[in-house]
Amino acid sequence: MKNWWKILGVLLVLYSIIGGFLIPVPAVNRVSESIRNLYFHVPMWFAMIVLATISVIYSVIALSKSSEDADIKSSQSASAAIPFALIGLITGSIWAKFTWGNFWTNDPKLNGVAASLLIYLAYFVLRSSIADEQKKARISSIYNIFAYVMMIVFILIIPRFVDSLHPGNGGNMAFGKYDLDNNMRTVFYPACIGWILMGVWFTEIRVRTEKLKRKYLYGND
Amino acid sequence: MLEFRQRASFAGIILYLVGCIYLSYLAFIGSELKDRGFWNALLWIILLFNSIISVSKSFASEVKGRALYNYTIYDPRHLILAKLFYNMLLVLVVSLTGFFFYGWFIGNLVKNIPLFVVNICLASMAFSGILTMTTGIASKINGSFTLISVLSIPLLFPLMLIAMRISLLAALGSSFAGCAQYLMALGALNVMVIVLCYLLFPYLWKE
C-alpha cells in the first residue's frame, strides 16, 4: 500500500467537509456560524506554504546539482500552490465581507497574499520567456529562492508588528485562545493535514504529466 | 571597477526624475496637497519608479563583449558586490535629489527631517539590492524593462510598506526611538538582500 497517504488525504478532506458543516461550533459574536470557514480558509494557506516550501527546496537542489528532475518538481509544486492561494483568497474574501464588512481590507496578511500571488505569477512569466530548458531551470530557481525569502519576510515577519484584523494580531486574540474548542480542533487539524496531502498529491500528478510531456517531446533521455 | 563612465545616462536619470516631479506639481496646481499620507504616497511612487529606471541600466547597457571581459577577469562575487555598491550609491543620490526637488516644488511636509533622510538611505539601499538581482536575472533573457518591473515590483512590496510607514511617521514628527523597530526591520532586510545576492549571483553568472 504505497498510496495510503492519498487515501488518507481524501478521507481527511471528506471528513473535514462533512464534519465542518455538521459538528456544532461555539457561537461567537459577529463571527457566529461563519467560523466554519476556518476549516476551509486556513488549511488552504497551510497547504500553499507547504507547497511553496517544497518548491524552494527543490529549487536549491536544482541549482546545486543542476538536475532537471528537481526543476520539474520545483516548478510543478509552485503551480500547484496557486489554486490553493486563489481558493484561500476567495474564501477569505467572502468571510471578510460577512465579518469585517468588506471584500478587501487593508490588512498586512492580505497585502502579503497579494504580493505572493504576484510573485508566483511573475515566476511563471519568467519561466515562459526562456526557451532553453537548462537556462530556464537555473534562472527560475534563482528567482524562486530570492522570492521565497521575501515572501516569508512578508507573510510571517511583517504582520508581527503591524496591526492586523486577523485573529492573533494587534490586540485580537488568536482563535486558539478562546474559541477553538476541542470540537473544532478535531476538525481543524485533520483538515490541515488532509489539504496538505491533497496538495502534495496534485503536485505528484503534475510532475508525472510534465515528465511524460517532456518524454513525448524530446524522446528518451 | 565602478561604472561612472556613462555620465550621460546619469544626467538622463536626474532629468527624468525632475521631469516626473514637475509633472506631478503641474497635476496638483489648484488643489492643495496638504494631506501627509497623500504627499508621502506620491513621493514613494516617484522614487520607486526612478530607482527601477536607474538600476535597470546597470546590466542592460553592458555590451556583449564587455560582459565576457568582466566574466573572464573578475570573480562573480566581487562583481556583484561592486555592482551593488555602485547601484546603492546611484539610487541613494537619485532618491535624495528626488526628495530635494519634491520638497522644492510641491512643498516639504516633513517634521523630522533627519529620520526621513535616514529612512530614504536605508530604503534606497534595499531597493537597489533587490533591483540589482532582478535586473541581473532579466539581463540573461535580453532584459526588457517590462520583465524587470514584473519581477521586481512584487518583491518590493514589503520594503515599500515599511519605508512608507517610517516616512509617514517621520512626516508626522515621530522620533528615532518611535520607529526603532521599523528601522531595524529595514536594516535587517538590507542585510538579507545583500547576503542573498552574494550567494545566488555566482549561479546566475555562469553560462
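## Polar contacts and salt bridges across the interface

In this predicted model, two residue pairs are in polar contact between chain B and chain A, and both are at pLDDT 80 or more. On the chain B side, the touching residues come from a few helices: α5 (113-139), α6 (145-172) and α7 (180-205) of chain B each supply at least two of them. Of these, α7(B) gives the most, with eleven residues.

What about charge pairing between the two chains? The count of salt bridges between chain B and chain A is zero. Charged residues are still present on the side of chain B that touches chain A, where the classes run to 23 nonpolar, two polar and four charged residues.

## Extent of the interface

It helps to remember that the size of an interface is often given as the accessible area lost when the parts come together. Here the area buried between chain B and chain A is about 2600 Å², and carbon and sulfur atoms give 85% of that area. Counted by residue, 29 residues of chain B are in contact with 25 residues of chain A.

## A cavity in chain A

Let's turn to the cavities. Searching the whole structure gives three of 30 Å³ or more, and the second largest has a volume of about 40 Å³. Its lining is made up of A:M48, A:A78, A:A81, A:I82, A:A85, A:S116, A:L117 and A:Y120.

Two helices of chain A, α3 (68-99) and α4 (108-128), are the elements that give two or more residues to this lining. The largest share, four residues, comes from α3(A). Which classes of residue line the second largest cavity? Seven are nonpolar, one is polar and none is charged.

## A salt bridge between distant parts of chain A

Side chains of opposite charge can pair when their charged atoms come close. Over all chains, the whole structure has six salt bridges. One pairing to look at in the viewer joins A:K211 and A:D69, whose closest N and O atoms are 2.7 Å apart.

This pair links distant parts of the chain, with the two positions 142 residues apart in numbering. A:K211 sits in helix α7 (residues 182-218) of chain A, while A:D69 belongs to helix α3 of chain A. Helix α3(A) thus appears in two places in this report: it gives four residues to the lining of the second largest cavity, and it holds A:D69 of this salt bridge.

How values were computed. Residues are numbered from 1 along each chain as its sequence is written. Chains are lettered from A and ligands numbered from 1 in the order in which they are written. This is a predicted model: local features need pLDDT of at least 70, side-chain atom pairs count only at pLDDT 80 or more; totals for chains, interfaces and linings use all residues. Side-chain values use heavy atoms; hydrogens and water are left out. Contact means heavy atoms within 4.5 Å. Buried area is the accessible area (1.4 Å probe) that two parts lose on being put together, summed over both. A salt bridge is a side-chain nitrogen of Lys or Arg within 4 Å of a carboxyl oxygen of Asp or Glu. A polar contact is a pair of N or O atoms within 3.5 Å; within protein, one must be able to donate a hydrogen and the other to accept it, and residues adjacent in sequence count only if both atoms are side-chain atoms. Ala, Val, Leu, Ile, Met, Phe, Trp, Tyr, Cys and Pro count as nonpolar, Asp, Glu, Lys and Arg as charged, and the others, Gly among them, as polar. On a 1 Å grid over the protein atoms alone, a cavity is a set of points where a 1.4 Å probe fits but cannot get out, and a pocket is an open set with protein on both sides within 12 Å along at least five of seven lines; lining residues have an atom within 4 Å of a point. Grid points are joined across faces, edges and corners, and a volume is the space filled by probe spheres set on the points.
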